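Colleague: I am new to this structure and would like to know what stands behind the words used for it. Please take me through them one at a time.

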Amino acid sequence: MSEAREQIIILDFGSQYTQVIARRVREFNVFSTIMRPNTRAAEIDALAPNGIILSGGPMSVYQKDAPMPDPGIFALGIPVLGICYGMQVMSYLLHGKVAHGLKREYGRAELDVTVPSCPLFTNLDQKQTVWMSHGDKLTELPRGFEAIARSSNSPFAAMESRERNLFGLQFHPEVVHTPHGREILKNFMFRVCGCQGLWTMASFIERSVKEIRATVGDDRVILGLSGGVDSSVAAALIHKAIGNQLAPIFVNNGLLRKGEAESVERVFGKNFRMKLKTANASHLFLDRLKGVTNPERKRKIIGKTFIDVFEKNAKSVKGAKFLAQGTLYPDVIESIPTAGGPSAMIKSHHNVGGLPKRMRFQLLEPLRQLFKDEVRRVGEELGLPREIVWRQPFPGPGLAVRVLGAINKPRLDILREADWIVVEEMKASGWYYKIWQSFAVLLPIRTVGVMGDERTYDHVIAIRAVDSQDGMTADWVRFPPDLLARISNRIINEVKGVNRVCLDISSKPPATIEWE
Ligand code: XMP
């Protein structure tokens, strides 16, 4: 079986864990695709997946708009695993009985495996701790099914119809609170679905390179390179496929960190030998930002100026037909619009998005099937340096949202120097790659200080360092006092015009990560 064919389809019934299921599957080198819950059986069959997983979901099968899969999927001869709501909806459609409106079961439960020969439980102990989260409950199995595990709350905590390769789990194997959940999913993929784990980053690269070549042909591709992880990996991948048919454009907006422009030129221009086009537009950006203090206006001006500069430079790439973007999987998953569903929650900043319609390009998005950690692994495989692959997130509007108040070169330079010290100390102490973000902010006030015999009236720098999974919530990092002391001493001694350093100790929410 070819790598391209080995995959698990996940039908999304709106669970907050659907993306977690997709990632668990991929951790075992099997490709996974999340699809709409009502995807037609014929459409799924045409993709010839090795197996189908029905996710959990917040609804009851009896609710008016409860999402239903196409019942035809149970007759395709493809193994199906229903998780929580997925098990209930399978039972419901195959004429089992689901009881509605009982007491909700939430939290840890003890599972007693009653049919240890079930392939899902191979190499697992008979007693398992699992995570439950459901309201409805199965009271009668569909015909042809057998209970394979029970819990104190239910004789049907798991079920199978082995000859039809249909399985149901009332608990969530994908969450960490089910300690052996990974093995159960692995057993489903490898023992039931016949997967071999052929989808690796190397195989992904090989296939993408072929696809990019076939799509692009002899045409040229432009790409807005920011130096961030996504656009950098996209650039390296496309360059591997089509070499100098790729024209990366790097806009220096004058709002970058110290050394950033040089680093992008060194890595992509020199090491990778790309035909990098650097648009030095610092003056234009700073001119347009003169006197602007409102954060939203700053963002708008920067966004618009970026488009102006990018468009001008793109025009000079003759015959460019494609625009490449580092779009990732969480931005494109077609899920059901359940309020508060995971795809609804992800906040994305499309910094190159919103290009005017008059720029008629076809989009090339080679990373659109990948999660962020997979993009990083592709980047490593392509030989991008650690400082880029594991770079902390940096906002599109750059230092503009960290220079509070008016933006001008002297103030930017103060922040750049202070920020440089923060980054240097984070890297030296090993914290940089452990946390989500760490940076300096220049406050719009001055305070009194004393230096030698003289009083000073100088700037204040705030240090912001947070840990986070996805940027949606965050907590401030508890640094050792010695490290804080070193950062503070260095900033005050080395950065002219700063006489005070503060530490931001607020979590998100209610504060945000950035100050503007
Ligand atoms: P906040 O400040 O909203 O930040 O808690 C969450 C994450 O998003 C980044 N961020 C931005 N990224 N353009 C971007 O590309 C922006 O305008 C922007 N604002 C915030 C921020 O650095 C953090 O990682």
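Colleague: How do you know how far apart domain 1 and domain 3 lie?

Modeller: Their C-alpha centres are 49 Å apart in this predicted model. The assignment gives domain 1 (7-192), domain 2 (201-389) and domain 3 (409-503), and such bounds come from an automatic or database domain assignment. Residues are numbered from 1 along each chain as its sequence is written. Because the model is predicted, local features need pLDDT of at least 70 and side-chain atom pairs count only at pLDDT 80 or more, while totals for chains, interfaces and linings use all residues; side-chain values use heavy atoms, without hydrogens and water.

Colleague: What makes β14 and β16 edge strands?

Modeller: The open sheet has five strands in the order β14-β13-β12-β15-β16, with parallel pairing. Strands are DSSP runs of E of at least two residues, helices are runs of H or I of at least four, and both are numbered from the N terminus. Two strands pair if DSSP finds at least two bridges between them. β14 (277-280) and β16 (362-364) each pair on one side only, and these are the edge strands.

Colleague: How do you know that β15 and β16 pair?

Modeller: Three bridges join β15 (residues 320-324) to β16 in the parallel sense, and pairing requires at least two, so they count as a pair. One residue of the pairing is Leu323, whose bridge partner in β16 is Leu363.

Colleague: Why is the largest nonpolar core called a core, and where does it lie?

Modeller: A nonpolar core is a set of buried Ala, Val, Leu, Ile, Met, Phe, Trp, Tyr and Cys residues joined through side-chain atoms within 4.5 Å. Buried means under 20% relative accessible area, exposed over 50%, and partly exposed in between, with a 1.4 Å probe and protein chains only. The largest core has 48 residues, of which Ile222, Ile461 and Ile491 touch the most other members. Its largest share, eight residues, comes from α13. Domain 2 and domain 3 both give residues to this core, so it lies between them.

Colleague: What makes residues 338-352 a stretch to treat separately?

Modeller: The pLDDT, which is the predictor's confidence in each residue from 0 to 100, is below 50 there. The protein averages 93, and 95% of the residues score at least 70. Beyond near neighbours in sequence, residues 338-352 have 22 contacts in the model, a contact being heavy atoms within 4.5 Å. Where pLDDT is low, the predicted coordinates should not be read in detail.
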